Amino acid sequence: MIEAVKLWNEPNNQSHWDFHLDPRWERFSEMAGGAARRIKALAPGLPVVLGGMSPVDASWLRLVASHGLLDHVDVVAVHGFPLDWNHWNINQWPEKIAEIERETSKPVWVTEVGVSTFGADEVQEFGLRRTTELLADRVPRAFWYSLLDLPPTWEATTRHRESEGSAYYRHFYMGLVRDDRTPKPAAAHFDPRLGICQWFHYEDHRLDFAVEWLKKLGVTKLRTGLSWADWHRPDALAWFDRQMAALADFDVTVTLCFTPPSRGIVEHHTSPPREPAEFGDFAEAMVRRYVLGERDAGAAAATEPALAEGAAGAVSTVVSREVVEAAP
């Protein structure tokens with residue numbers, strides 16, 4: 001069951017939204033606000049979450065609020081990784097939440113929080129325990145990122161990749177379960193009061209294995225994504241249907257994001273789209289298909305010849321995170 005729709009992922013992070021093309025987030029606010037209005041028209045009771053800001057930045061929230069974006073969402077979300085990438089202490093989590101709560105009366109969700117095992121398994125075990133103490137009863141939703149390590153043969157999408165040094169390689173060790181399918185010590189300490197955030201790539205071979213582990217850990221709240229870019233693949237809906245059917249037993253917060261390169265101002269999944277309303281088309285189609293159960297919804301755009309030409313450049317749902325807490 002989809003319990004919430006999240007619009008974009010880390011929109012104040014250059015790895016996910018090219019703010020050099022949209023320095024005041026006006027295009028983003030137009031795009032996300034339009035999509036939120038269309039979702040509300042279809043499913044008024046379905047919470048709409050503003051994509052988790054990373055870094056946690058009250059000034060960014062004030063900026064998009066000045067564009068009217070907060071008028072159209074129900075929840076504001078943040079992401080934090082104080083033991084890997086952020087420049088603040090894990091014990092500052094309550095302060096970070098309070099900073100955002102001072103800017104808005106809307107609930108604040110933590111839609112990604114995690115600790116890698118890049119340095120040692122014990123660091124993640126400590127981080128999971130402390131995060132649970134700090135957040136499980138502090139916010140309505142906190143999603144641990146992630147269940148599975150990123151396979152070493154895949155790429156984590158960041159701006160500078162390997163040149164980021166150890167910061168880049170931490171992306172591959174965020175899971176509670178290793179790529180060889182063995183659990184890490186922290187898995188024994190997962191508290192189901194937290195949810196799990198697990199992204200799935202296009203036709204991800206790990207889907208069924210992930211579902212087994214989610215159930216084994218007692219997970220009820222899950223955050224995942226459907227890629228707008230993948231929607232432009234000719235067989236996208238078959239994968240989307242399989243993914244959402246496999247996850248039907250969980251309360252899912254589904255994130256909609258990533259511009260099809262052929263539809264961007266520049267050909268990249270972080271680009272603002274040339275036509276912001278097209279993101280609303282995607283959002284409406286996904287809500288019709290997976291919330292309202294309209295099984296014919298969503299098929300038209302994916303097979304539209306003018307859009308399908310960009311399929312070769314489309315990207316799967318990817319995990320990435322800006323290494324530096326760049327100011328907007």
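These legends describe close-up views of a predicted model of one protein chain.

**View 1. The whole chain.**
The secondary structure of the chain consists of 10 helices and eight strands. Of its 328 residues, 61% count as buried. Among contacts with a separation of 6 or more, 78% join residues that lie 24 or more positions apart. The accessible surface is about 12200 Å², and carbon and sulfur atoms make up 49% of this area.

**View 2. Helix H1 and its cover.**
Helix H1 runs over residues 26-42 and has 17 residues. From its first C-alpha to its last, H1 reaches 25 Å, close to the 24 Å expected at 1.5 Å a residue. Its buried residues are Phe28, Ser29, Met31, Ala32, Gly33, Gly34, Ala35, Ala36, Ile39 and Leu42. The cover over these residues includes two strands, S1 (2-7) and S2 (48-53), as well as two helices, H2 (58-66) and H8 (277-290).

**View 3. Pro47, in the loop between H1 and S2.**
Pro47 is partly exposed, because its relative accessible area is 24%, and the range for this class lies between 20% and 50%. Although Pro47 and Ile2 are 45 residues apart along the chain, their C-alpha atoms are separated by 9.8 Å. Beyond its neighbours within four places in sequence, Pro47 is in contact with Glu3, Ala4, Val5, Lys40 and Asp74.

**View 4. Ser54, in the loop between S2 and H2.**
Ser54 has a relative accessibility of 5% and therefore counts as buried, the cut-off being under 20%. With residues up to four places away in sequence left out, Ser54 touches Glu10, Asn12, Asn13 and His79.

**View 5. The two sides of helix H4.**
Helix H4 covers residues 121-135. At 1.5 Å a residue, its 15 residues should span 21 Å, and the end C-alpha atoms are 21 Å apart, so the two values agree. The buried residues of H4 are Gln124, Gly127, Leu128, Thr131, Thr132, Leu134 and Leu135. These buried residues lie on the same side of H4, because they cover an arc of only 165° around the axis. An α-helix has 3.6 residues a turn, so residues three or four places apart point the same way. Glu122 and Glu133, on the other side of H4, are exposed. The buried residues of H4 pack against helix H3 (93-101), strand S4 (108-113) and strand S5 (142-145).

**View 6. Strands S4 and S5.**
S4 and S5 pair in the parallel sense, over two bridges. Val113 stands opposite Trp144 in S5. Both faces of S5 are covered. Ala142 and Trp144 are buried on one side, and Phe143 and Tyr145 are buried on the other.

**View 7. Trp93 and the largest nonpolar core.**
The largest nonpolar core has 101 residues. Phe28, Trp93 and Met286 touch the most other members of this core. Phe28 is also one of the buried residues of H1. Leaving out neighbours within four places in sequence, Trp93 is in contact with Val78, His79, Gly80, Pro82, Trp88, Val110, Val113, Leu134 and Leu135. Among these partners, Leu134 and Leu135 are buried residues of H4, and Val113 is the residue opposite Trp144. In soluble globular proteins, nonpolar side chains tend to be buried together.

Terms used
Residues are numbered from 1 along each chain as its sequence is written. This is a predicted model: local features need pLDDT of at least 70, side-chain atom pairs count only at pLDDT 80 or more; totals for chains, interfaces and linings use all residues. Side-chain values use heavy atoms; hydrogens and water are left out. Helices (H or I, at least four residues) and strands (E, at least two) are DSSP runs, numbered from the N terminus. The expected span of a helix is 1.5 Å times one less than its number of residues. Buried means under 20% relative accessible area, exposed over 50%, partly exposed in between (1.4 Å probe, protein chains only). The arc is that of the directions from the helix axis to the C-beta atoms. Contact means heavy atoms within 4.5 Å. A nonpolar core is a set of buried Ala, Val, Leu, Ile, Met, Phe, Trp, Tyr and Cys residues joined through side-chain atoms within 4.5 Å. Accessible areas come from the Shrake-Rupley method with a 1.4 Å probe; for residues, only the protein chains shown count as cover. Two strands pair if DSSP finds at least two bridges between them.
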